[in-house]
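Got the viewer open? Here's a short tour, one selection at a time.

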Amino acid sequence: MKQFDKWNDLKKKIDSKTKKIVTPKEREVYWASIGENIGNEQNGKGDIFSRPVLIVKRFSKSMFFGVPLSTQIKQGSFFYNFRFLDNFSNALIVQGRLYDTKRLENRIGMINKEDFVNIKQKLKDLLDV
């Protein structure tokens, strides 16, 4: 069962954050509260509805384009599988979107340059730009 009310309460708290906002860098991976979403949109997990998110492009101090990550390996043009911190990871290319930095929690690490270039190329190919 979807927990929209619980997510909405948490989202209000996230939006009102006054602590120092994180300024992420491209290639970094953070735990991010991405929420309880609709249909096939990727959901976060746990009490803060979080999931690892790769910072693909920072647009300002408070806004970035990110791609959520998963440990479930899938094949196809919507995904990119790679090793991260000695584990297999899957970039959910098709789930990429804009995020506010208020959603970011803890920095996990940084992916290598080759995988980052490959993820950006898969994103370009998927969007046909």
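Which residues have the most contacts inside the largest nonpolar core? Select Leu54, Phe82, Ala91, Ile111 and Ile119: those are the ones, in a core of 15 residues. Bear in mind as you look around that this is a predicted model. Now colour by secondary structure: β2 (50–58), β3, β4 (79–84) and α2 (113–127) each put at least two residues into this core.

Stay on Leu54 and show what surrounds it. Beyond its neighbours within four places in sequence, Leu54 is in contact with residues including Val29, Phe65, Val67, Ile111, Phe116 and Ile119. Glu28 is on that contact list too, so keep it displayed for a later stop.

Next, pick Tyr30, Ile34, Val53 and Leu104. They belong to a second, separate core, this one of eight residues.

Back to Glu28, and add Arg107. Their side chains meet in a salt bridge, 2.8 Å from N to O, and a search of the whole structure finds just one such bridge. The pair links distant parts of the chain: Arg107 sits in strand β7 (residues 104–110) and Glu28 in strand β1 (residues 28–33), 79 residues apart. Is each partner buried or exposed? Glu28 counts as buried at 5% relative accessibility, whereas Arg107 is partly exposed, with a relative accessible area of 45%.

Last stop, the surface. Select Phe59, Met63 and Leu98, which make a nonpolar patch of about 280 Å². Met63 is in strand β3 (residues 63–70) and is partly exposed, at 35% relative accessible area.

Technical notes: Residues numbered from 1 in each chain as written. Predicted model: local features only at pLDDT ≥ 70, side-chain atom pairs only at ≥ 80, totals over all residues. Heavy atoms only, no water. Patch = residues over 30% accessible without salt bridge, like charges linked within 9 Å, V, L, I, M, F, W, Y side chains within 5 Å. Areas by Shrake-Rupley, 256 points an atom, 1.4 Å probe, with all protein chains shown as cover. Salt bridge = Lys/Arg side-chain N within 4 Å of Asp/Glu carboxyl O. Helix = DSSP H or I, 4+ residues; strand = E, 2+ residues; numbered from the N terminus. Buried < 20%, exposed > 50% of the residue type's maximum accessible area, 1.4 Å probe, protein only. Core = buried A, V, L, I, M, F, W, Y, C linked by side-chain atoms within 4.5 Å. Contact = heavy atoms within 4.5 Å.
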